[in-house]
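Open the model in your viewer and keep the sequence panel visible. The stops below are given as selections to make, in order.

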Amino acid sequence: MTVTPQDHDDLAYNVFAKACPSRGTLEHVTGRWGGLTLGALYEGPLRFNELRRRVDGVSEKMLSQTLHALERDGLVHREAQPTNPPRVDYELTPLGRQVAERLLALIHCVEGSMDDVLASRARYDETRGAL
């Protein structure tokens, strides 16, 4: 079954509409760091530095911005413990867990298709010249 933008006409929100607030959340979820952060947190709660190590390549600043956006959207819960030094744990909310499950299905699909993707890239580069 193919889903088209018209299939969503009965919904209160429409990500295809420029002014729809769902578009910002979609950007947070599908952006490079948002998707990886949600996927990493699916395994369970993590502290900031644990999460940063798990999401290889993300800067401290970008991870912080990503976590703030995901928390604001209600996908991530931040819990600060009043210890010395302070301990902050991040975990998925129930909504975040639903979104992460779907993202992980996409991630696994992409990972499982990489032989085909790499072969396609090689064919493309042979016929059109490497970038």
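The tour of this predicted model goes from a pocket to two threonines and ends at the cysteines.

**Stop 1: the largest pocket**

Select Tyr13, Val15, Pro21, Ser22, Thr25, Leu26, Val29 and Thr30, which line the largest pocket. Show a surface over this selection; the volume of the pocket is about 300 Å³. Colour the selection by residue class: five of the lining residues are nonpolar, three are polar and none is charged.

**Stop 2: Tyr13**

Stay with one of the lining residues, Tyr13. Tyr13 sits in the segment before α1, the helix that spans 22–30. Is Tyr13 buried or exposed? Its relative accessibility is 53%, so Tyr13 counts as exposed, the cut-off being over 50%. Now add Arg23, ten residues away along the chain, and draw a C-alpha to C-alpha distance; the value is 9.3 Å.

**Stop 3: Thr93**

Move to the loop between β3 (87–92) and α5 (94–112) and select Thr93 there. Thr93 has 19% relative accessibility and is therefore classed as buried, since the limit is under 20%. What does the side chain of Thr93 reach? Display the backbone nitrogen of Gly96: the side chain of Thr93 comes to 3.0 Å from that atom. Then show the contacts of Thr93 with residues beyond four places in sequence, which are Gly74, Leu75, Val76 and His77. Of these contacts, Val76 and His77 can be found in β2, a strand that covers 76–81.

**Stop 4: Thr83**

Next, select Thr83 in the loop that joins β2 (76–81) and β3. Thr83 is partly exposed, with a relative accessibility of 43%. The side chain of Thr83 also has a backbone nitrogen to look at, that of Arg87, at 3.4 Å. Arg87 falls within β3, the strand given as 87–92. For a distance across the model, add Val55: Thr83 and Val55 are separated by 28 residues in sequence and by 25 Å between C-alpha atoms.

**Stop 5: the cysteines**

Finish with Cys20 and Cys109. Cys20 is buried, at a relative accessible area of 10%. Cys109 is partly exposed, and its relative accessible area is 48%. Cys109 lies in α5, whose range is 94–112. How many disulfides does the model have? The count is zero, where a disulfide would need a pair of cysteine sulfur atoms within 2.5 Å.

How values were computed. Residues are numbered from 1 along each chain as its sequence is written. This is a predicted model: local features need pLDDT of at least 70, side-chain atom pairs count only at pLDDT 80 or more; totals for chains, interfaces and linings use all residues. Side-chain values use heavy atoms; hydrogens and water are left out. On a 1 Å grid over the protein atoms alone, a cavity is a set of points where a 1.4 Å probe fits but cannot get out, and a pocket is an open set with protein on both sides within 12 Å along at least five of seven lines; lining residues have an atom within 4 Å of a point. Grid points are joined across faces, edges and corners, and a volume is the space filled by probe spheres set on the points. Ala, Val, Leu, Ile, Met, Phe, Trp, Tyr, Cys and Pro count as nonpolar, Asp, Glu, Lys and Arg as charged, and the others, Gly among them, as polar. Helices (H or I, at least four residues) and strands (E, at least two) are DSSP runs, numbered from the N terminus. Buried means under 20% relative accessible area, exposed over 50%, partly exposed in between (1.4 Å probe, protein chains only). A polar contact is a pair of N or O atoms within 3.5 Å; within protein, one must be able to donate a hydrogen and the other to accept it, and residues adjacent in sequence count only if both atoms are side-chain atoms. Contact means heavy atoms within 4.5 Å.
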